[in-house]
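Biologist: Please take one part of this model and go through it closely. I would like to know which side chains pair up, and what is buried or exposed there.

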Amino acid sequence: MTLDNAKFISVWSNTVYVNSTKSPTKTSLQQHPPLRAARLLDQVRERLRYMHYSLRTEQTYVYGIRWFIRYSGLRHPKDMGRP
């Protein structure tokens with residue numbers, strides 16, 4: 001499959017999903033290096049910088065995550081969810 005007939009490419013985690021009108025394909029990317037930061041928002045910033053996101057995107061993501069944590073009662077995201 002070529003990218004000429006692809007509708008969009010979405011990158012999330014360690015996988016690239018290429019969706020087309022014919023058939024979707026799944027391709028593995030290189031493993032990301034381990035995060036060095038201990039705090040959640042620092043880990044988010046570190047990963048976004050590694051992925052070469054713009055500064056404004058980084059600020060927006062951090063703002064959204066901070067808002068969500070405050071909205072959910074200042075709990076860490078890994079402590080939320082089903083028991």
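Modeller: What follows is a walk through helices H1 and H2 and the loop that leads into H1. The model is predicted.

The loop comes first. Proline 33 sits in the stretch between strand E3 (25-28) and helix H1 (40-50). With a relative accessible area of 35%, proline 33 is partly exposed. Leaving aside residues up to four places away in sequence, proline 33 touches Arg47 and Tyr50. Proline 33 and arginine 47 are 14 residues apart in sequence, and their C-alpha atoms are 9.2 Å apart in space.

Arginine 36 makes a link of another kind. Its side chain meets that of glutamate 46 in a salt bridge, with an N to O distance of 3.9 Å. Arginine 36 belongs to the loop between E3 and H1, while glutamate 46 belongs to helix H1, so the pair ties together parts that are ten residues apart in sequence. Arginine 36 counts as exposed because its relative accessibility is 76%, and the cut-off is over 50%. Glutamate 46 is partly exposed, at a relative accessible area of 21%.

The count of salt bridges comes to four. One of them joins the side chains of aspartate 42 and arginine 45, at 3.1 Å from N to O. Aspartate 42 and arginine 45 are three residues apart in helix H1, which means that about one helical turn separates them. In general, an α-helix has 3.6 residues a turn, so residues three or four places apart point the same way. Aspartate 42 counts as partly exposed at 34% relative accessibility, and arginine 45 counts as partly exposed at 22%.

Arginine 45 also forms a salt bridge with the side chain of glutamate 58, at 4.0 Å from N to O. This pair links distant parts of the chain, with arginine 45 in helix H1 and glutamate 58 in helix H2 (residues 55-71), 13 residues apart. Glutamate 58 counts as buried because its relative accessibility is 6%, and buried means under 20%. Asp42, Arg45, Arg49 and Glu58 are linked in a network of salt bridges.

That leads to H2 itself. This helix has 17 residues and reaches 24 Å from its first C-alpha to its last, close to the 24 Å expected at 1.5 Å a residue. Buried in H2 are Glu58, Val62 and Ile69. Seen down the axis of H2, the buried residues fall within an arc of 30°, so they line one face of the helix. H1 is included in what covers the buried residues of H2. Glu58 thus appears both among the buried residues of H2 and in the salt-bridge network.

On the other side of H2, Arg56, Tyr63 and Tyr71 are exposed. Tyr63 and Tyr71 also belong, with Trp67 and Phe68, to a nonpolar surface patch of about 540 Å². Phenylalanine 68 lies in helix H2 and is partly exposed, with a relative accessible area of 40%. After H2 comes glycine 73, whose phi is positive, near 85°.

Methods:
Residues numbered from 1 in each chain as written. Predicted model: local features only at pLDDT ≥ 70, side-chain atom pairs only at ≥ 80, totals over all residues. Heavy atoms only, no water. Helix = DSSP H or I, 4+ residues; strand = E, 2+ residues; numbered from the N terminus. Buried < 20%, exposed > 50% of the residue type's maximum accessible area, 1.4 Å probe, protein only. Contact = heavy atoms within 4.5 Å. Patch = residues over 30% accessible without salt bridge, like charges linked within 9 Å, V, L, I, M, F, W, Y side chains within 5 Å. Areas by Shrake-Rupley, 256 points an atom, 1.4 Å probe, with all protein chains shown as cover. Expected span 1.5 Å × (residues − 1). Arc of directions from axis to C-beta.
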